[in-house]
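Good morning, everyone, and thank you for making time for this. Please bring up the sequence and the structure, and we will walk through them together.

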Amino acid sequence: MNVLIVLGHPRTESLCGGLARAYRDGALEAGVDAELLALADLEFDPDVRTRSPTDQHLEDDLVDARERIRRADHLVFVYPNWWGTMPALLKGFFDRVFTPGFAFAEYDEGEGAGHEELLDDKTAELIVTMDMPPWVYRWIYRRPGTNAVKRATLGYAGVRTTRTTALGPVEESTPEEREAWLEQATRLGRRLADGPESRTDRIVRTATAWLSALRLQFYPMAWIAYTVGALAATGSSGVFADRVYWLGFCFLFSLEAATVLSNEYFDYETDRENTFAGPFTGGSRVLVDDEIGFDELRRGIGVALVLAVTFGLATLALGHGATLPAAAVAGTLGVLALGYTMPPLKLAYRTLGELDVAVTHSLGVLLFGFVAMGGAWHDPLPWLLSLPFLLSILPSITLAGVPDHAADRAAGKRTLAVRFGVGGAVRVAQSATLLAAATAVLWRLFEVVPGAYGPAIYLAVLHALVLVWLLRTRVDDRGTPGRIDGVLVASLSYLCWFGIVPLVGLL
């Protein structure tokens, strides 16, 4: 492993200089190739004086620095925290060296939005000294300088920062404290014998990536509908003590995991081109950001499918109702869920994705819970219960395609926002919003589903009016829409009225 230690302090004999040399000594003891680059010893203009930094002549010292960075597997930046961020010398170095063509490249037209990270084969760590307690810098000031280097500079180029070490306060430190910091830097260098990050860090990073890929924020919607169906079939909260209920829940969880992971896999092209990805749209980005590889994701899909089949068969074997109808419901649910983006159906590419999500996450899981716990599939109760829930899901899943519509169009994905435009998608969302509230209120007034909808459902009408107003004022169909996270939160929370109210009513 090649390690480049960049000293960003303008005085090489400073504490930062001592820390950089101590780290190098530890790295050499670990058996890795380590070299020190002191920016104060370089001759270069730190200011970008041309229209583009690529137009400015690159001094010989910067050419050499680039070559050292190219050779390095691990970069270590040692610098003081001045006025909350890095010294001007280090900032000037980044401005002149981390330029287009070396650190990143913008996509050409038609290749997608955003940029390509050209240094994504490297890791980094930061050692930062400061004249305040590190906890104050982290929790009170929120680490502005560290975040700028880690995310806006190194992260933009694809360099993954594995560790940040903050030391301070320096001004009031004793010789013993400074000696301890130097020894700490040496230990950090020695730790490179096991790689740029510890085994624990690798495990945490991998687990975090998989949790991101699973997108657990969407699972409660299916669980609520499933539980409503189970309660409607049994009429008792004793369902939570029934093993069939929990086996069915595990089946749905595994199927949802397989669906989400397959969406990540088959939506790679549209995710890659997405400029406005957020917590509810644009995928989890684990493939785009290379946090999980394609082979790993395929294995994850396989494991989730095996678990879904296993739990599904166990539910059918022990279920309280007729096996054949329950198997038909489970099979249909599985085909529709996976067919959202998975070939050959690829429903999201045929303008059926929104309806598919609404049906599977309302009627599909609710009916499965109903038949697994002994209900009959042709009983009107689960179908009537699911209708307001289905309508309430349509606004959020339709709006999720609005920020993504340019990327989806480029990738050939025919969502409602692509086929009918942003204005058409907004009108669909508004109509579904009002219909959901109207249907639930009618169910309440005429006791279509006795006991399921209490007086609280009337509040859904107010929520519906607010959501329709937000759609009218916050989603602009005259230009290119950006992120609409606030509107999506309002639409996702809207469906709670049609899941939680009947859930409470049936308990």
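Before anything else, a word on vocabulary: a contact here means that heavy atoms lie within 4.5 Å. With that in mind, and remembering that what you see is a predicted model, consider the contacts between residues at least 6 apart in sequence, of which 76% join residues at least 24 apart.

Turning to the whole protein, the secondary structure comes to 19 helices and seven strands, and the C-alpha trace spans about 80 × 50 × 45 Å along its principal axes. Of its 507 residues, 51% count as buried, while the accessible surface comes to about 23100 Å², with 58% of that belonging to carbon and sulfur atoms.

Now to charge. There are 44 positive and 57 negative side chains in the protein, and the centres of these two sets lie 5 Å apart. On the surface, a patch of negative charge is formed where Glu-116, Asp-120, Asp-289, Asp-290, Glu-291 and Glu-296 gather. One of these, Glu-296, sits in helix α11, which covers residues 294–318. Is Glu-296 buried, partly exposed or exposed? Because its relative accessible area is 34%, Glu-296 is partly exposed.

Let me finish with a positive residue, Lys-150, which is found in helix α5, residues 144–154. Lys-150 has a relative accessible area of 29%, so it too is partly exposed. Leaving aside residues up to four places away in sequence, Lys-150 touches Gly-155 and Thr-161. Finally, the C-alpha atoms of Lys-150 and Ala-124 are separated by 8.6 Å, although these residues are 26 apart along the chain.

How values were computed. Residues are numbered from 1 along each chain as its sequence is written. This is a predicted model: local features need pLDDT of at least 70, side-chain atom pairs count only at pLDDT 80 or more; totals for chains, interfaces and linings use all residues. Side-chain values use heavy atoms; hydrogens and water are left out. Patches are made of residues with over 30% relative accessible area and no salt bridge: like charges are joined within 9 Å, nonpolar side chains (Val, Leu, Ile, Met, Phe, Trp, Tyr) within 5 Å. Accessible areas come from the Shrake-Rupley method with a 1.4 Å probe; for residues, only the protein chains shown count as cover. A salt bridge is a side-chain nitrogen of Lys or Arg within 4 Å of a carboxyl oxygen of Asp or Glu. The place of a charge is taken as NZ of Lys, CZ of Arg, CG of Asp or CD of Glu. Helices (H or I, at least four residues) and strands (E, at least two) are DSSP runs, numbered from the N terminus. Buried means under 20% relative accessible area, exposed over 50%, partly exposed in between (1.4 Å probe, protein chains only).
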